[in-house]
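User: I'm new to this structure and would like a close look at one part of it. Could you take me through the empty spaces enclosed inside?

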Amino acid sequence: MKVFERRERYMVSKRWSNTIGKLLVLILAVVFVFGTGINPTIAAKEPVPSSSKVVYLTFDDGPSKHTADVLDILQKEKIKATFFVLGKQVKEHPELLKRIDAEGHAIGNHSYNHAYKKLYSDFRHFWQQIRDTGQAIKEVVGYEPRLVRAPGGTYLNFDRQYFQLLGQAGYIVHDWHVDSGDSKRSGVPKSEIMKSIRAGARLPHTVVLMHDSAGHGETVKALPDIIKFYRDKGYTFEVMTPDLEPVQFKVSSRKRWERKAVTQAWIDQHVKAVDVRGEKQPERQAEQRPGKQPRKQPEKQVVQQKDRSMRFKATTEVGMLNLQPGQYKRIQQNTYIPARILSTHLDGEIIVTDDSAPIELQFKRGTITVNRATGAAFWQVDESEREHLIWKGIEEDGVLWVPLRPVLDTIGIPLLKHEFIPLELGKIDA
């Protein structure tokens, strides 16, 4: 009996020891994940070498009375940021826009008055506000910026035609990776803003959304801590430029706004006459560090260097594309890839009958036909009338190159994620 009792006490003690051990492991894991501010969904991507980690601080809705305070902090910290401004605010505070430009920050177009219902009920209203704001900016600083950010972001607000027509005119639409949450409601406190920042994604290139409009004094208070947070994580700070790969939310299948597509006649009259790619954009400097020289390569050279030293990874709802240098091209802010590679990825088929006949890309949802002589592309579903697409294919040495995002938009497949990855990093997770 005594032997049995000793054995029973031993088994109870062992069970308690195992339970306590498991609890200690769980507590340590929780402390590591939440106490260090690491997002468990992206922790596997860390660490990224500091030299390749860049954060783009962006401010929407200004300039306003808070913009001067933001500029003072940026000047003190010797870093640059990007300001997506409203045309109405530019008219009221031209001196602040001049200061933004003079101090080396980037400027983007954020519409004229931020009126959602007007902007998203009809593309013609959105277009007019972008054009009016671009002109207001140009009158103050001498150029019209190509960068555009949609009020409220593109998700549920943009359809394919918004993206296509703005891109046709040379505008580059940017959303963001990290929302600071400073506009969730009036007076969001600094502590809550910092919580959103710490919980946000930390990608090799990370775009952060903030606001410098009236009512965002707490954002000004949080800014030094935001800068310190990213510096401590090994990030450098840069401005957004036209050669930067756009950060864009996918086009939603759900509709928030009722609107009709604009006609080809209106496009021919208003959009085709505009090409802001010809606008001279100012050279911008990155974070000022001792011994660091600003980059002065022309845009074309930057693109070529990116092609040689980076691989391109894109994720769609049907899987991942992993392209090495030479398997993609950057042309007019679009990433072109061989039509045969894209067709295979999308479980489609490429039909080439002879050297002069158009090339057909057949997918489950329809067929894209590309004229080999002109590059003109058309979309057709079943026996319906062919739709003329605004993008063109490019044939070189017998290879047809097509723009990835416009093709995916055409056939209704979302581009979930895309990034350029340095080759040395690509070898790790390829």
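Analyst: Seven nonpolar, two polar and one charged residues make up the lining of the largest cavity. Keep in mind as you look that this is a predicted model. The residues around this largest cavity come from several stretches of the chain: Ala-106 and Ile-107, then Tyr-143 and Leu-147, then Met-240, Thr-241 and Pro-242, and finally Gln-281, Pro-282 and Arg-284. Thr-241 and Gln-281 are the polar pair, and Arg-284 is the charged residue, because Thr and Gln fall among the polar types and Arg among the charged ones. The space they enclose comes to about 70 Å³.

How many cavities of 30 Å³ or more does a search of the whole structure find? There are two. The second largest has a volume of about 40 Å³, and its lining divides into five nonpolar, no polar and three charged residues. Around it you will find Phe-163, the run Phe-249, Lys-250 and Val-251, and also Arg-405, Asp-409, Pro-414 and Leu-415.

Two of those names lead on to a neighbouring topic. Arg-405 and Asp-409 line the second cavity, and both numbers fall within helix α13, residues 404-411. Helix α13 lies across β14, β15, β16 and β17, running at about 165 degrees to β17. These strands belong to an open, antiparallel sheet of five, ordered β13-β14-β15-β16-β17. β13 and β17 each have a single partner strand, so one side of each is left without a neighbour in the sheet. From one strand to the next, the twist averages 25 degrees. Within the sheet, β14 and β15 pair over five bridges, and Phe-363 has Gly-366 in β15 as its bridge partner.

Methods:
Residues are numbered from 1 along each chain as its sequence is written. This is a predicted model: local features need pLDDT of at least 70, side-chain atom pairs count only at pLDDT 80 or more; totals for chains, interfaces and linings use all residues. Side-chain values use heavy atoms; hydrogens and water are left out. Two strands pair if DSSP finds at least two bridges between them. Helices (H or I, at least four residues) and strands (E, at least two) are DSSP runs, numbered from the N terminus. Axes are lines fitted to C-alpha atoms, for helices over the stretch in contact, and angles run from 0 to 180 degrees between N-to-C directions. Contact means heavy atoms within 4.5 Å. On a 1 Å grid over the protein atoms alone, a cavity is a set of points where a 1.4 Å probe fits but cannot get out, and a pocket is an open set with protein on both sides within 12 Å along at least five of seven lines; lining residues have an atom within 4 Å of a point. Grid points are joined across faces, edges and corners, and a volume is the space filled by probe spheres set on the points.
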